[in-house]
Amino acid sequence: MEEVCLEEVLAHREKRVRRRQELLAQYPFPVACLGLNIPGRRKTFPWARRCFHEEIEAFTLALQAEGIAVIHQEAREEKAGYTAHISARASPDALKAIAERVEETHLLGRLFDIDIHEPGGKKLSRDDKNAPPRRCFVCGESGFACARSLSHPPEHLWNSVLRIMENWLRQKLGDGVCSAALWAMMSEAAVTPKPGLVDRANSGAHRDMDFFTFIDSASALLPWFRSCALAGFDSGGAAALFPEPRSLFESLRPPGRIAELAMKNATGGVNVHRGYIFSLGVLCAAYGRMFRDTAKPDVPGVLEFSKKMTVALEEDFARPAGNRSHGEEVYAQTGIRGIRGEVLRGFPTVTEHALPLLRRMLKQGYSLNDAGAAVLLKILAHAQDTNIIHRGGRRALGEIQSDLAAFFAEDQAALPSAGAIQEKAACLDREFTSRNLSPGGSADLLGVTFFLLRLEAESGSG
């Protein structure tokens, strides 16, 4: 982490003043000058950069919410600090009120430094409106008074800055993961028709649940996904209890069992999302670990870390018969590893088949519903779904996969029409329901596909 000298800080300030004066001369509007209030010689580092971009976004969103047009916006990142200038079509008082609101209400607000300058060049002060002074990083009293009296050692100030940043990153991570997980689970549930599965039209081969059961379960599991992401985030810290990927995964097992109880308590004992507790839990933890050091983790990196987390997962198959899940029983009889095999290999069915198809179909204008139905069929054609094997045997899965391979092979260069997708899915839905077949493992992989799609959107990749 590079330090700057006093001369560099002063030169940086002079450059900011010159640029602000140029913008005030160029536009007949007030100018907001944004930076970070970080004491000491360490001004630029990855967490600070993320906070700076958050400051710009928070301020511009506040302007947009008030219907204020941004005339000019620019940002510069230099060794001595970060600076943004925003010229907006509003009165100086209106901009100052918004700036103060952002500084007072945002979790990072104490670090935000948003100055408003009138067209004539005058800087608006909090004293002009008898506003309370900015609070100290350490004690919460007047920051100006503490700085003037040197009340706190530099390291105490520095640690307080890092603590503010870390608290914000944890909240941002938790909120983002919960949003992505909820969107993925409810999008998967909403895709209609789905062969043998609960959707908006019927409950398929399930008599103990409906669409509203899925809502109950998904809502109950949001704290679990947040805790997985935060566990991953904390595992990357200097004082981490579980720094190794495998130990991180093992640390999730006990709370995972509690999450399963929370799900069943919300659904009257119905196992709705057990597969998601496992698969999305691993992905949330992997994402959280990478998010600590990378503002926008990429999907391949998240999947690679999830593989490292679960290297010892095959040991689960050694459990005694009385304690096995349906998937473990299928493995004992057939050697097929199901969802565990997918996780161990980085979800190959998703990365090689489902996600590319979903991207392609959405790009070509298919609705999320029709694209989701097609992706589920594609997953069924390739995944070793132990739920189908458990209910219908390996022969049933083989017949289904041969049928779907033919469906997708009719014209490999072209995508099936929305009508063909709906017709095929509806036909299989009737067949699966009559035969009591439920491709729950494939549904979980569809949810994983949706989840990764949302992560791609967050990172701007894909």
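Four exercises on a predicted model follow, each with a worked solution.

Residues are numbered from 1 along each chain as its sequence is written, and side-chain values use heavy atoms, without hydrogens or water. Local features need pLDDT of at least 70 and side-chain atom pairs count only at pLDDT 80 or more, while totals for chains, interfaces and linings use all residues.

**Exercise 1. Place serine 187 and describe its surroundings.**

Start with the element. Serine 187 is found in helix 5, residues 154-190. Helices are DSSP runs of H or I, at least four residues, numbered from the N terminus.

Next, burial. Serine 187 counts as buried because its relative accessibility is 10%. Buried means under 20% relative accessible area, exposed over 50%, partly exposed in between (1.4 Å probe, protein chains only).

Then the side chain. A polar atom of it lies 2.7 Å from the backbone oxygen of tryptophan 183.

Last, partners beyond four places in sequence. Serine 187 is in contact with Leu368 and Phe450; contact means heavy atoms within 4.5 Å.

Tryptophan 183 has a further partner. The charged end of arginine 454 sits over the ring of tryptophan 183, 4.3 Å from its centre. The criterion: NZ of Lys or CZ of Arg within 6 Å of the ring centre and within 35 degrees of the ring normal.

**Exercise 2. Work out what covers helix 9 and what happens at its start.**

List buried residues of helix 9 (299-309): among them are Val299, Leu303, Phe305 and Met309. Now find the cover. It includes helix 7 (245-267), helix 8 (274-291), helix 12 (348-363) and helix 16 (440-459).

Turn to the start of the helix. There a side-chain oxygen of aspartate 298 reaches to within 2.7 Å of the backbone nitrogen of glycine 301.

**Exercise 3. Compare the backbone at phenylalanine 347 and asparagine 436.**

Check phi. Phenylalanine 347 is not a glycine, yet its phi is positive, about 55°. Asparagine 436, also not a glycine, has a positive phi of about 60°.

Locate both. Phenylalanine 347 lies in the loop between helix 11 (338-344) and helix 12. Asparagine 436 lies in the loop between helix 15 (418-435) and helix 16.

Finish with accessibility. Phenylalanine 347 is buried at 0%, whereas asparagine 436 is partly exposed at 34%.

**Exercise 4. Classify the pair of phenylalanine 249 and phenylalanine 278.**

Count aromatic pairs: eight. Rings of Phe, Tyr and Trp (its six-membered ring) pair if their centres lie within 6.5 Å; planes under 30 degrees apart are stacked, over 60 edge-to-face, the rest tilted.

Phenylalanine 211 and phenylalanine 212 have ring centres 6.4 Å apart and planes at 85°, so this pair is edge-to-face. Phenylalanine 249 and phenylalanine 278 are also edge-to-face, with 6.4 Å between centres and 70° between planes. That second pair links helix 7 to helix 8, 29 residues apart.

Definitions and conventions: Helices (H or I, at least four residues) and strands (E, at least two) are DSSP runs, numbered from the N terminus. A polar contact is a pair of N or O atoms within 3.5 Å; within protein, one must be able to donate a hydrogen and the other to accept it, and residues adjacent in sequence count only if both atoms are side-chain atoms.
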